[in-house]
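Trainee: Got a minute to go through this one with me? I'd like to talk about its empty spaces and its interface.

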Amino acid sequence: MLGKQKGKAYMVSPEVRSQKPEIRIKTPLSKEDVLSLKVGDMVLISGRIVTGRDKIHKFLAHERPDKRDIPFELEGGIIYHCGPIIRKTDETYKLISAGPTTSMRVEMYEAEVIRTYGVRGIMGKGGMGMETLNAMKEFGCIYLHTVSGAASYLADKIMRVEGGWKIEEFGMPEAMWLLEVEDFPAIVTIDAHGNSLHREVEMISLEKLKTMVEG
Amino acid sequence: MLKLRDGIVELYRKVATSIPSDVEEALRKVCENETELLGKYTMDIILKNISISRATSRPICQDTGFPVFFVKIPQGLSHNLIRQTILDATRIATEKVPLRPNAIDTISERNTGDNVGEYFPLIYMEETAEQTLVVDLMLKGGGCENLGQTYKLPWALVISHQRSIENKDFETVAERDFDGVRKCVLDAVFKAQGKGCPPYTIGIAIGGAKDQVSFLSKKQLMRRINDKHPDNAVAALEQKILADINSLGIGVAGMGGKTTAIGVKMTMAHRHPASYFVDVSFSCWANRRGRLIW
């Protein structure tokens, strides 16, 4: 039975690993940590991260609550675009499932969040746009693309749910959850030097599209 | 009805925690054929996630979706009773599987907590001459649902970069023919990029009235990946569009690569002379669908 087995059993197959080893990183991240990473780097994250999606971003960007009024440390942290399934059992929270949600929906807020709260990593899926890319370059932050829809695999890399904020107000998927992760996999797809894999892929696909609809 | 209710709870569990064998097989092929490192790395984890979810009976994706039911009801069986049974089953499944509570009141912005709300779940019912009740369930992820597009032909497609300041926009006209349909679908996939978890399955409906094509394009996602459309012209267009989508190079998770879609499924409804709709629905790689026969 696979169950809650951790580590080796779920690791990526050796043939994939051997081509490029993953880089281990630990939160909180410093500006130097972030600057050393480049587009295409595969990382394994350990430490504390927070979740935050549509409602949290709108709230942070519009209300700009004081750092002291937010129960979790965002400075040097990673915000994970994720609406998890969490079960409350007596006094503790049990995490069931926790993959990424589409990051582009918070494009209009993210630059402001990075600037105001000193976040060093934004994690989600599908990449982000130019405004976020520019803020990442200016303040030292990276975009981490984690595996779309791999919710059980990723949940097994989350050791604990340490707390939640705005649970009643925003609901379970949209609350801010503090998670402790170990070897959580992601790929750097926007770095702090102005490079974006998403922009590259978009440009390549635009050229291909052009030949297919004009030909 | 209690037995039917429990059957629908089990249907929810099966659809949320496993994916159909034809989809899994298609995804294995994607992984085998991919040569780009990042795409292969991602696909490898996706396949492991499918095994873990099935073995531990946990949802494949934390977004257990917008539940969409397509129900065929024998004559004489109350549609209201079936609807009520589905709602009861939804509340139980949300607690038991568990499903993520996804129904949000758009006025108060409150999450109902049990996946039941106004028009939530979405239930399509039709009467059948058969003696058996057939309940088809699709758990439709929100990320891919957002990528759907509706076009009204003829349509001037303005294709532009979303992530660059460079101005490389260009225009092309989608006329009222199969080539116009093809252009619209490629535009929709280009706009989607990796936002909705490719490799996608694409549903297309053409003609009809506006609300019909949205329903029909979504319903196409219930078809098996390897089925063949009975109309040869439609089957050929499906294959052509699939090949073109995969030439775009968007790849697994939008990170570049060979496979952006594993299937294209199209249907039509007769249209009014003034109208020619093209509706495109997306499913993420986790095309979660299942059937209960009663």
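Mentor: Start with the largest cavity. β9(A) gives the largest share of its lining, three residues. Keep in mind that this is a predicted model.

Trainee: Okay. Which elements give two or more residues to that lining?

Mentor: β9 of chain A together with α3 (37-56) of chain B.

Trainee: And what volume does the largest cavity have?

Mentor: About 40 Å³.

Trainee: Which residues line it?

Mentor: From chain A, H145(A), T146(A), V147(A), P185(A), A186(A) and I187(A). From chain B, Y41(B), T42(B) and M255(B).

Trainee: How does that lining divide by class?

Mentor: Six nonpolar, three polar and no charged.

Trainee: How many cavities of 30 Å³ or more are there?

Mentor: The count comes to two. The second largest cavity has a volume of about 30 Å³.

Trainee: What lines the second largest cavity?

Mentor: One group is M138(B), L139(B), K140(B), G141(B) and C144(B). The others are S283(B), C284(B), A286(B), N287(B) and R288(B). Strand β3 (residues 134-140) of chain B gives the most, with three residues.

Trainee: And the classes there?

Mentor: Five nonpolar, three polar and two charged.

Trainee: Switching to pockets. How much space lies in the largest one?

Mentor: About 1000 Å³. Its lining has 45 residues, and the closest to the pocket centre are F66(B), N102(B), I104(B), F120(B) and G142(B).

Trainee: Which elements give two or more residues to that lining?

Mentor: α3 (54-63) of chain A together with α5 (142-145) of chain B. The largest share, four residues, comes from α5(B).

Trainee: What's the class mix in the pocket lining?

Mentor: 14 nonpolar, 16 polar and 15 charged residues.

Trainee: Now the interface. How many residues does each chain put into the contact?

Mentor: Chain A gives 67 residues and chain B gives 64.

Trainee: What area is buried between the chains?

Mentor: About 5600 Å². Carbon and sulfur atoms give 65% of that.

Trainee: Which residues of chain A lose the most area to chain B?

Mentor: E202(A), L206(A) and M212(A). Together they account for 12% of what the chain A side buries.

Trainee: Why quote area at all?

Mentor: Because the size of an interface is often given as the accessible area lost when the parts come together.

Trainee: Fair. How many salt bridges are there between chain A and chain B?

Mentor: Two. In one of them, D156(A) pairs with R58(B). Their closest N and O atoms are 3.1 Å apart.

Trainee: How many residue pairs are in polar contact across the interface?

Mentor: The rule finds 21, with both residues at pLDDT 80 or more.

Trainee: Which elements of chain A give two or more residues to the side that touches chain B?

Mentor: The helices are α1 (14-19), α6 (151-155), α7 (167-170) and α8 (197-214). The strands are β4 (85-89), β5 (92-97) and β9 (176-190). The largest share of that side, 15 residues, comes from α8(A).

Trainee: And how does the chain A side split by class?

Mentor: 31 nonpolar, 17 polar and 19 charged residues.

Trainee: Does any element turn up in two of these places? I mean, which one should I mark?

Mentor: Mark β9 of chain A. It is among the elements on the side that touches chain B, and β9(A) also gives three residues to the lining of the largest cavity.

Technical notes:
Residues numbered from 1 in each chain as written. Chains lettered and ligands numbered in written order. Predicted model: local features only at pLDDT ≥ 70, side-chain atom pairs only at ≥ 80, totals over all residues. Heavy atoms only, no water. Contact = heavy atoms within 4.5 Å. Buried area = accessible area lost by both parts, 1.4 Å probe. Salt bridge = Lys/Arg side-chain N within 4 Å of Asp/Glu carboxyl O. Polar contact = N/O pair within 3.5 Å; in protein donor to acceptor, adjacent residues only side chain to side chain. Nonpolar A, V, L, I, M, F, W, Y, C, P; charged D, E, K, R; others polar. 1 Å grid on protein atoms, 1.4 Å probe; cavity = no way out; pocket = protein on both sides within 12 Å on 5 of 7 lines; lining within 4 Å. Points joined across faces, edges and corners; volume = space filled by probe spheres on them.
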